[in-house]
Amino acid sequence: MESRRVPRTVSDPKVRQVGFFAPPDRSLSGPPDPTSSSPPLSNISPSGNSLSPVMIPPPRHLSTDLPRHLPHPQPPLSPLRAPRANDTSIPVGSYNPSEFSTPSGIADFSEDQLSPRWGRKSSSGKFATSLPSGGFGMAAAKKISDANSKPGVADGGADTEVQKEKATAAGKPLKEKTTKAERRAMQEAQRAAKAATKGEGNKTALVNSANAVKSVKPAPQKKDNSSVAASERKSGDRQTDKDRKKDVPHPRMQFDDENRVEKAKKRSVVKQAEARNRVELFRHLPQYEHGARLTDLESKFFQLGPVHPAVYKVGFRYLTGDISGGNARCIAMLQAFQESIKDYSTPPEKTLIRDLTSKINCYVSFLIECRPLSISMGNAIRFLKRRITSLPLNLSESEAITSLVSDIDRFINEKIILADNVIVKHAVTKIRDGDVLLTYASSSAVEMLLLHAHELGKRFRVVIVDSRPKLEGKMLLRRLVGKGISCTYTHINAVSYVMHEVTRVFLGASSVLANGTVYSRVGTACVAMVAHQFRVPVLICCEAYKFHERVQLDSICCNELGDAEMVSRVTGREDINSLDGWTSSENLQPLNLLYDATPSDYVSMIITDYGMIPPTSVPVIVREYGREYLLI
Amino acid sequence: MWYRSASFILDKQEQQRKDAAESRPLSPVSTAMTENPIANVSMYYQTRAAHHGVVTSDWLAQAQAAVAGNADDAAVEKNTSGGEGKGNKFSVVDEFNNWRKQPELAEAVAAIRALASVIRSSQAKTMMELEIELKKASDSLKSWDTTSISLTAGCDIFMRYVTRTSALDREDFGSAKSRLLERAEKFEEISYKARRIIAMLSQDFIFDGCTILVHGFSRVVLEALRTAAENKKLFRVLCTEGRPDRSGLRVSNELAKLDVPVKLLIDSAVAYSMDEVDMVLVGADGVVESGGIINMMGTYQIALVAKAMNKPMYVAAESYKFARLYPLDQKDMAPALRPIDFGVPIPSKVEVERSARDYTPPQYLTLLFTDLGVLTPSVVSDELIQLYL
């Protein structure tokens, strides 16, 4: 679908308006589509109505509908990029998918005509995420209307512009693909009908995922970050698997688009109530009220046919916050997948590879509903899917299963457990007697390092900096003190007060991005900045499987929102209740971010299982070893 | 700022107590093979001192004491390494020493030549044996002077380069060995020619009428300046005195022979003269993984002043000096001490900072001139990763 292809024309610079506004009427030049038709076009400017002023580009999978809704969704690549040097509207993922080499073969997707196009697309701009929700289960016609009414509440007028530009851009290229689009539209319609008869959200999702994948494909790599980027789609996410297959980031659902959110909700397994009083700037990230989800999920246990009990358990534990930390979540997820693969048997008339892949997709969507994926989990899933698709066809089912199970074991062992050992071995050389080490929150790698250094007999003391609302540092404090290490515990407000006596700062990371930016627990950037000011070296301990080729410039576009309730309440101090009843106040919007991005200037060195490298060498590792680890 | 903390003060006192309790440095012949005759002075700087003919009084006294031990050492070395070599009397350290004595040859290149000759004269019958022999020879060379970064780095890189060939998979030992030898000789040649290559690359940066600040006696930098002078470029050089080596005097001698206008500065006058300088050019003892360099004491100071005044700082270093070290601060390196002669006796209670080198972080360096090309500091890690992993 050419609709996605960005034409080289430069559109006139748009005035960026922040907030709600009606997009001006634009007549799209392209032929969007013979089949569907025009309504989408005209609807593009529907806006004006109550819903968001900005149209969110339709999800990739809506490719079939693309011609229809063409115009507005696609953000034209070049035009966007040119005039917008300072444009922060190239939002969330302004990564250029074409710039990043996708290790996997996007090409192998059967319905792939889209992929090249998608690949070329840059600046994901607002791919509407709701690919899944939007596309799935909807008859083509419905899609059109959806697309039209897509009102995504944009985080800023920029989106609208993006869309408009996309729309214009998309016009011309669409022509050729129409026929394919038509065919696809028909396919979709059929599938939708089929799905409708099933009446089960999951199944629909599965079917949709097939569709979705197409649309998803173009999504820029970034989108992919199965990461923390909270904005995960809901049930529609099932399709993610297919996306993943292409190593394409999932199109993230933009949660400001109410329509899509509605649809996604219908499909989701986990019923979630959207939180109220949401911060405008973060409306593109999902936020739900945390209380109701657990009981709801519990009651659904026996209805979750397609989800294996092990995966269900893991999802549940994510939801409650039992498992937290990149490595722990990744290992738990992989082990749950292992269990499910062991119990797997190919249904009749289906091939193992495809069916297993779709099952994995299904599980992944479920997990995303429980809690958005971290980057480490995303990389692990990519690895698993690669292994599945590269299984030789002549393998018998049991052989394939044992091979996959042992692959997962090997991944966990080599990439996580042994990697941690190597990291500790390298990092311990940087600890001298008499050192005062500072660490923030709780990182498994840093904890192992401190315990090992203590065992080696080095004399040092530790300052643990902690912060609300998670207060993860307390657990670390307990464990270290239990082993006899002298520790100081303080809150992040005091970090500039204690920094003068610190000699080294050791931090963990959820991921390290291609430009050396460290993506880690919120508060890490503060600590690193203060350390840099005091000229204290900052060392990041991060396994190489967590590296990602994405680039992120701020902490806003990809993040995860936690429970807003936790901000207003202090556990154990019932008397602090000035924020009670915040939900009723319209002017009060609590924000509980979980991650932040630390610029590479504050980082002195990154310790990985490949040795100690400067932050500028992260893309080298990704380049040299990215392929290797994926192919293992 | 940590040294102001209580823990540091306590440590220091403890350290002083320990030092007092320790016996004096060992006699030259106390340990077996390849022991530095002068235990508390870096061999590297001894060599350079020998080359430069700069003799300080302390050094002289120790050298005389060591002379007696030296002969024993050599004998010991020969026997031990002879034993290693399965009967052949080839001693890699001897070979190395022979090469090293030439003042024009860099130490690392001498080591590389010695290692190449190990392969040549090896009588191993299998690849495994040969590799083990090479490793032993390399280790013995490295232990000869543990403080020399370029020596260690050179040996390591040589080993990686040579063994990183698919020739090792071939069944025929003879052909594999000859392939190894080929690579070794090629590497030897590259290293030997590195200086010429760097000199040629740096010609683009030396323009007519420029003023270059030079620190430390680096043969690579001299080669570059010599080439520029031969190409009839008009430039002048400010060189620092370089106490206590007085390497600056040597540099100015060499440059005066080339008819290049030279001006000598005392080390403290660098900031004063930085205004009239167009660029700073130094060599390096070693280039570390972060892209920073380890060089003679005083380089960091000059880098800071140059950065503050926006003058570019160029480093001329051969690629075999890329080391897998990553110092976080000045004290994070293996210490290399050298005696400092103040000319007047100093009371023993007064401590003297005897470190011979410092670390310059990569943010103060503009470009590195290497035989791989003109690189930015962040490329060093790229090269190392490709070579080592």
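Trainee: Leaving aside neighbours within four places in sequence, which residues is His426(A) in contact with?
Mentor: Keep in mind that this is a predicted model. His426(A) sits in helix 17 of chain A, which covers residues 397-428. Once its neighbours within four places in sequence are set aside, the contacts of His426(A) are Ile607(A), Thr608(A), Gly611(A) and Met612(A).

Trainee: And how far apart in space are His426(A) and Leu449(A), C-alpha to C-alpha?
Mentor: In sequence, 23 residues separate His426(A) from Leu449(A). From one C-alpha to the other, the separation in space is 9.4 Å.

Trainee: Is His426(A) buried, partly exposed or exposed?
Mentor: Buried needs a value under 20%, and exposed needs one over 50%. The relative accessibility of His426(A) is 23%, so this residue counts as partly exposed.

Trainee: Let's step back to chain A. What share of its 632 residues count as buried?
Mentor: Chain A is built with 23 helices and 10 strands. Its exposed area is about 22,200 Å², with 55% of that supplied by carbon and sulfur atoms. As for the 632 residues, the share that count as buried is 63%.

Trainee: Among contacts in chain A between residues at least 6 apart in sequence, how many join residues at least 24 apart?
Mentor: Take the contacts of chain A whose partners are at least 6 apart in sequence. The share joining residues at least 24 apart is 84%.

Trainee: Which residues have the most contacts inside the largest nonpolar core?
Mentor: Nonpolar side chains in soluble globular proteins tend to be buried together. Here the largest nonpolar core has 65 residues. Its largest share, 10 residues, comes from helix 5 (residues 107-120) of chain B. The ones with the most contacts inside this core are Phe158(B), Leu213(B), Met274(B) and Val280(B).

Trainee: What does Met274(B) touch, not counting residues up to four places away in sequence?
Mentor: Two of its partners, Leu213(B) and Val280(B), are also on the list of residues with the most contacts inside the core. Counting beyond four places in sequence, Met274(B) touches Leu213(B), Val280(B), Ile302(B), Val305(B), Ala306(B), Met309(B) and Lys311(B).

Trainee: Why does Cys557(A) not form a disulfide?
Mentor: A disulfide needs two cysteine sulfurs within 2.5 Å. The closest cysteine sulfur to that of Cys557(A) belongs to Cys558(A), and the gap is too far for a bond. In fact, a search of the whole structure gives zero disulfides. The distance that rules out a bond for Cys557(A) is 4.2 Å.

Trainee: How many salt bridges are there between chain B and chain A?
Mentor: The contact takes 21 residues from chain B and 27 residues from chain A. Together the two chains bury about 2,000 Å², 53% of it on carbon and sulfur atoms. One of the salt bridges pairs the side chains of Arg504(A) and Asp329(B), at 3.3 Å from N to O. The count between the chains is five.

Trainee: Which residues of helix 21 of chain A are buried?
Mentor: This helix covers residues 524-533. Some of it meets Thr598(A), which touches Thr524(A), Ala525(A) and Ala528(A), among others. The buried residues of helix 21 are Thr524(A), Ala525(A), Val527(A), Ala528(A), Val530(A) and Ala531(A).

Trainee: Where does Thr598(A) lie, then?
Mentor: Thr598(A) is buried, because its relative accessibility is 1%. Its contacts also include Gly516(A), Thr517(A) and Val518(A). The place of Thr598(A) is in strand 8 (residues 595-598) of chain A.

Trainee: Is Arg535(A), just after helix 21, buried or exposed?
Mentor: Arg535(A) belongs to the loop between helix 21 and strand 7 (538-541) of chain A. Its phi is positive, about 60°, although Arg535(A) is not a glycine. With a relative accessible area of 61%, Arg535(A) is exposed.

Trainee: What about Ala441(A): buried or exposed?
Mentor: Ala441(A) also has a positive phi, about 50°, without being a glycine. Its place is the loop between strand 1 (435-440) and helix 18 (444-455) of chain A. The relative accessible area of Ala441(A) is 5%, so the word is buried.

Trainee: Which residue does a cis peptide bond join to Pro469(A)?
Mentor: Most peptide bonds are trans. Pro469(A) is in the loop between strand 2 (460-466) and helix 19 (473-482) of chain A. Omega for its cis bond is about -5°, and the partner is Arg468(A).

Key: Residues are numbered from 1 along each chain as its sequence is written. Chains are lettered from A and ligands numbered from 1 in the order in which they are written. This is a predicted model: local features need pLDDT of at least 70, side-chain atom pairs count only at pLDDT 80 or more; totals for chains, interfaces and linings use all residues. Side-chain values use heavy atoms; hydrogens and water are left out. Helices (H or I, at least four residues) and strands (E, at least two) are DSSP runs, numbered from the N terminus. Buried means under 20% relative accessible area, exposed over 50%, partly exposed in between (1.4 Å probe, protein chains only). Contact means heavy atoms within 4.5 Å. Accessible areas come from the Shrake-Rupley method with a 1.4 Å probe; for residues, only the protein chains shown count as cover. A nonpolar core is a set of buried Ala, Val, Leu, Ile, Met, Phe, Trp, Tyr and Cys residues joined through side-chain atoms within 4.5 Å. Buried area is the accessible area (1.4 Å probe) that two parts lose on being put together, summed over both. A salt bridge is a side-chain nitrogen of Lys or Arg within 4 Å of a carboxyl oxygen of Asp or Glu.
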